[in-house]
Amino acid sequence: GHQNVAKKFLEIKGDIFCAMKRPLVTLTLAFCLGIFIARNIKIPYPLVYGIALLFLTLCILSFRKELRSNIFLCCLFFCLGAVLLKNSQILPRCHISKFSTYKNDNLYTVSGFINSPPGSKNSRVSFVLKAKEIESAYFRQRCCGYVLVYIKTKRNFRFAEELILTGNLYRPYSFSGGKHQSYRDYLNRQDIFSILQAKTARQTGKLDKGLALRRFALWLKEQIEGIFFKYVSPLPASILDAMVLGEKSNIPPLIYNSMIKSGTVHILVVSGFNVGIVSFVIILFLKLIRIPRGMRFYITVPLLIIYCFITGASTPVVRATVMAIFFMFGSILRREPDIYNSCALAAIFILVINPRQLFDVGFELSFASVISIVYLYPKIKSLLRLDSMKVKVLKFLIEGCLVSF
């Protein structure tokens, strides 16, 4: 009886150690589970925080006992996920959402810096404003947070410039059905809890110095777009602009709708594939001009970050950028990176910044597609016996179809 119990214990211990061969994967799953549980179960924030401190203490005390330490570490990451989500739901007292209601006809004057590239449609401009001060007929005080701004105007606004806006401030409506059912959640995942329907706007001429890198990225984007439209006819230039830089506003509506109906609109979306091409071209060029391996990493990483900002820093691009940096760092250390650990590292990086991204469909599909390809491709390749196929052209076509699928 004792031998059977010991044998069973060793089997369980072996399973845990096998799981911890990819520690980032195990810890990321625990982290995501903590976020999911905290969203669906109402747990007091002090209790979650206290449990996290308890498991942190147990991890330190059982540092030399590997099995216990691994279990406590997983529990700690579970609690950290819950703590981060709970913390993101607690807004400061000066947050701009505290001054907005669902139905409010009062006029507010909000000053702040434009935090996203302004978009224009039907003579209406929209952008995200990083608020710094709010004023009404009854009070004036400093504030913080982001607000989505709509204003009817033909004026041109620049990213990172300071504006003083006057209009109606309200919370996004929660629709009970239809395609706009989760619009409020969509905005909340971007830390936007208020909408400002602006009537007037005054430009101060000041710029937010903290957004210098993003300003440079957008300036570089404008220069590249200028080259596209200078040397290529308008329609191909607009499609090239979308494929390379992720800017789809220049594509004629008729062409864009036709691509949606034909199922080819996905080629206009900037994804991790684009990041892979950019990093490959940069590294190949640096290698051709005989830049040392270590210097290639320090040159490529800032360029990839700039490209990430140029394309809008969507979830697939951020994921691919983090994974590319992790892979290059592994090559410097002369260690072969693991794709699953790389995905886990990218997921933790995104979720630490904004844990609500876990419930975004784009985030879920982005990681699910990469993991599915990595897991299923070798199995299908083995099943079809592609390695033993003699016709190289046919082998190339089948492999291309599998990766595309």
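A160 is buried in this predicted model, with a relative accessible area of 0%, and its position is in the loop between β5 (146–152) and β6 (161–170). Although A160 is not a glycine, its phi is positive, at about 80 degrees. The protein around this loop has 405 residues, of which 36% count as buried, and its secondary structure comprises 14 helices and seven strands.

**Backbone with positive phi**

- R290 also has a positive phi without being a glycine, here of about 60 degrees, and it is placed in the loop between α9 (272–288) and α10.
- The relative accessibility of R290 is 74%, so this residue counts as exposed, whereas A160, at 0%, counts as buried.

**A buried serine in strand β7**

- S194 belongs to strand β7, which spans residues 192–207, and because its relative accessibility is 0%, S194 counts as buried.
- Once neighbours within four places in sequence are set aside, the contacts of S194 are I96, S97, S100, Y146, V147, L148, L169, Y170 and P172.

**Packing of helices α6 and α10**

- Helix α6 (residues 212–231) packs against helix α10 (residues 293–310) at an angle of about 75 degrees, and the two axes are 8 Å apart.
- An angle of that value falls in the range of 65 to 115 degrees, so α6 is roughly perpendicular to α10.
- On the α6 side the contact is made by L213, R214, F216, A217, L220 and K221, which meet I305, I306, F309 and I310 of α10.
- Sorted by character, the residues of this contact between α6 and α10 are eight nonpolar and two charged, with no polar residue.

**Cysteines**

- Searching the whole structure yields zero disulfides.
- C143 is in no disulfide, and the nearest cysteine sulfur, which belongs to C144, is 6.8 Å away, while a disulfide would need the two sulfur atoms to be within 2.5 Å.
- C143 has a relative accessible area of 8% and is therefore buried, and C32 is likewise buried, with a relative accessible area of 17%, the cut-off for buried being under 20%.

**Whole-chain totals**

- Among contacts in the protein with a separation of 6 or more, 67% are accounted for by residues 24 or more positions apart.
- The accessible surface of the protein is about 25100 Å², and 64% of this area belongs to carbon and sulfur atoms.

Terms used. Residues are numbered from 1 along each chain as its sequence is written. This is a predicted model: local features need pLDDT of at least 70, side-chain atom pairs count only at pLDDT 80 or more; totals for chains, interfaces and linings use all residues. Side-chain values use heavy atoms; hydrogens and water are left out. Buried means under 20% relative accessible area, exposed over 50%, partly exposed in between (1.4 Å probe, protein chains only). Helices (H or I, at least four residues) and strands (E, at least two) are DSSP runs, numbered from the N terminus. Contact means heavy atoms within 4.5 Å. Accessible areas come from the Shrake-Rupley method with a 1.4 Å probe; for residues, only the protein chains shown count as cover. Axes are lines fitted to C-alpha atoms, for helices over the stretch in contact, and angles run from 0 to 180 degrees between N-to-C directions. Angles under 35 degrees count as roughly parallel, over 145 as roughly antiparallel, 65 to 115 as roughly perpendicular and the rest as oblique. Ala, Val, Leu, Ile, Met, Phe, Trp, Tyr, Cys and Pro count as nonpolar, Asp, Glu, Lys and Arg as charged, and the others, Gly among them, as polar.
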